[in-house]
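Here are a few short exercises to work through with the model open beside you. Try each task before you read its solution.

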Amino acid sequence: MAVNLATIESVTKVYGTRALLDGVSLGVSEGDRIGVVGRNGDGKTTLIRMLAKLEEPDTGRITHSGGLQLAVLTQHDSLDPKATIRHEVIADRADHEWLGDARIRDIIQGLFGGLDLPGFLDGLDTVIGPLSGGERRRIALAKLLLGEPDLVVLDEPTNHLDVEGIAWLAQHLQNRRSALVCVTHDRWFLDQVCTRMWDVQRGEVREYEGGYSDYVFARAERSRIEATEEQKRQNLARKELAWLRRGAPARTSKPRYRIEAANALIADVPEPRDKSELMKFANARLGRTVFELENVGVTAGPKELLHGLTWNLGPGDRLGLLGVNGAGKTSLLRAMQAAYASQGDVQPASGVIKVGKTVRLAYLSQEIAELDPATRVLQAVEQVRGRVDLGKGREMSAGQLCEQFGFGKDKQWTPVGDLSGGERRRLQLLRLLMDEPNVLFLDEPTNDLDIETLNQLEDLLDGWPGSMIVISHDRFFIERTTDTVYALLGDKRLRMLPNGVDEYLARRAAMAAAAATAVAVPAAGSSGAADAAPAKSSGDARAAKKELAKLERQIAKLEQQETKLHEQLAEHAADFSKVAELDAQLRKVQGEKEELELSWLELADS
């Protein structure tokens with residue numbers, strides 16, 4: 001029987017006149033992997049902070065089992081700004097020490113993209129103070145994962161991670177023994193990691209078995225049976241359910257008794273998008289030419305990101321763009337935007353970008369445009385336009401579109417200065433759509449948006465006729481809103497990936513494996529110098545890896561002996577003859593360990 005680790009009993013938390021949580025009772029047991037979902041502001045973060053005893057409830061109580069080891073990733077880290085990454089993450093251990101630990105190497109590689117911490121000027125010896133919030137967050141996550149807690153509590157752990165980092169973190173958490181409670185809007189991540197869901201809404205927390213897909217099935221069925229949700233919420237749930245069942249039938253991890261009811265629920269729901277109808281409408285609005293790139297080169301300072309790119313974005317194309325940070329995704333969109341804004345006068349470093357005469361581009365960048373903080377939400381939207389044509393005879397007023405984006409009638413009169421980061425992001429996107437663009441560039445549109453708002457945005461984009469490029473680390477959003485995936489793999493070329501995100505991850509894994517097994521070939525010297533040494537064969541590389549693993553096991557055994565001898569020295573401190581004997585053994589073990597570590601370093605560098 002699983003041991004109960006933490007319990008929430010009849011907890012209430014009130015802010016002002018609003019009860020975020022009202023009489024909530026929940027429990028976390030050994031082996032639980034719980035995802036927490038709900039709208040921004042409904043109390044998800046408050047719930048997990050109280051679970052971790054970082055915040056006190058107004059009524060009720062939180063209890064932890066005796067000796068509970070708890071690790072928490074909050075949205076604000078407690079790292080020492082004067083310390084180095086080495087000090088915070090691996091406690092100042094020398095390279096030969098931590099490199100011999102496969103677990104540490106895996107975490108550093110998975111979260112930072114390499115053991116040398118590419119992107120950090122001084123690698124592990126980089127001082128934390130000047131780093132960005134995203135970089136500090138990755139450091140805090142690495143520090144947490146290196147521990148062995150009984151319960152891990154994570155608040156938005158996928159923020160600032162790319163697609164590869166998110167895939168690695170999901171696999172790592174699946175393999176850990178620790179129980180997990182996680183707040184995230186990344187639905188793919190929830191499906192991969194979680195076996196239970198907590199849905200926080202209107203002061204209550206409802207529990208569901210299974211991952212995100214199972215949660216959607218159960219929520220849709222519950223809405224149908226209870227008939228208490230508004231009609232638009234039911235429609236959204238049904239549409240997303242249709243996408244989950246038809247677009248990716250293998251998503252659900254636990255297709256139990258509710259699947260028949262779920263299938264009956266979506267029997268009359270059409271496909272999310274009528275692609276042929278949208279393409280016809282997009283051609284009418286855009287003509288034949290949207291963006292055409294001929295032999296284009298894109299640079300960032302002295303660095304060339306793309307070379308000789310010939311490619312075009314056609315009417316009605318819905319493209320996802322993937323790539324590691326710094327590969328040139330945002331730079332490519334900015335080059336295309338610059339050509340549009342200047343009517344072709346501003347061109348990239350090389351080549352030509354042609355822009356169609358009928359193009360009306362809207363670009364959602366990662367930066368949030370500043371608005372007068374005293375302006376009300378509805379006024380900020382009406383400054384752009386009072387009504388918007390969504391195509392196919394659909395038209396909405398500014399107020400109606402505000403409601404679809406989660407700004408109810410009361411919220412529409414809130415000053416912009418009082419909005420949260422996620423709400424400002426929603427408002428920024430809303431203002432762009434109000435201008436009736438026929439081409440959309442969306443750079444990380446899911447940042448700070450909760451799952452319900454993401455569902456609404458996806459629903460809106462389903463019927464939007466035009467061309468679209470989406471950059472996102474949220475693979476669910478990419479798969480849901482686009483039809484074709486392209487990738488920048490770091491070789492200055494743009495590639496189409498017929499199998500989407502899975503193909504991107506497979507290609508990146510193959511590149512990493514090739515880099516790991518490759519042996520550096522010394523550059524040939526001046527004339528008369530000896531030829532460069534040949535690279536190792538694949539058989540030699542495999543033999544070297546086996547020898548490294550053998551050395552690591554031997555070093556680990558000697559470390560255990562060293563620890564045991566230290567304990568015996570402390571135990572027999574008053575027996576001088578015994579101390580002398582143990583000290584001699586300890587010196588021998590330490591000598592053997594040093595020799596093995598030197599052998600490991602020589603083999604690793606060869």
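**Exercise 1: One tyrosine and its surroundings**

In this predicted model, Y504 is buried, with a relative accessible area of 2%. Your task: find where Y504 sits and which residues it touches.

Solution. Start with the secondary structure: Y504 belongs to helix α18, which covers residues 500-517. Next, check the burial. The cut-off for buried is under 20% relative accessible area, so Y504, at 2%, counts as buried. Now list the neighbours. Leaving aside residues up to four places away in sequence, Y504 is in contact with V163, E164, L322, G323, V324, A487, L489 and L497. Take L322 from that list: it lies 182 residues from Y504 along the chain, yet their C-alpha atoms are 7.8 Å apart. Finally, look at V324, whose backbone nitrogen is 3.4 Å from a polar atom of the Y504 side chain.

**Exercise 2: A helix pair**

How are helix α4 and helix α5 oriented relative to each other, roughly parallel or roughly antiparallel?

Solution. First locate the helices: α4 spans residues 102-112 and α5 spans residues 133-145. Their axes are 10 Å apart and the packing angle is about 160°. Angles over 145 degrees count as roughly antiparallel, so α4 is roughly antiparallel to α5. The crossing of these two helices is right-handed. To see the contacts, display R103, I107, L111 and F112 in α4, which meet R138, I139, L141, A142 and L145 in α5.

**Exercise 3: The whole protein**

How many helices and strands does the protein have?

Solution. Count 20 helices and 20 strands. For burial, 50% of the 606 residues are buried.

Key. Residues are numbered from 1 along each chain as its sequence is written. This is a predicted model: local features need pLDDT of at least 70, side-chain atom pairs count only at pLDDT 80 or more; totals for chains, interfaces and linings use all residues. Side-chain values use heavy atoms; hydrogens and water are left out. Helices (H or I, at least four residues) and strands (E, at least two) are DSSP runs, numbered from the N terminus. Buried means under 20% relative accessible area, exposed over 50%, partly exposed in between (1.4 Å probe, protein chains only). Contact means heavy atoms within 4.5 Å. A polar contact is a pair of N or O atoms within 3.5 Å; within protein, one must be able to donate a hydrogen and the other to accept it, and residues adjacent in sequence count only if both atoms are side-chain atoms. Axes are lines fitted to C-alpha atoms, for helices over the stretch in contact, and angles run from 0 to 180 degrees between N-to-C directions. Angles under 35 degrees count as roughly parallel, over 145 as roughly antiparallel, 65 to 115 as roughly perpendicular and the rest as oblique. A crossing is left-handed if the near helix is turned anticlockwise from the far one by less than a right angle, and right-handed if clockwise.
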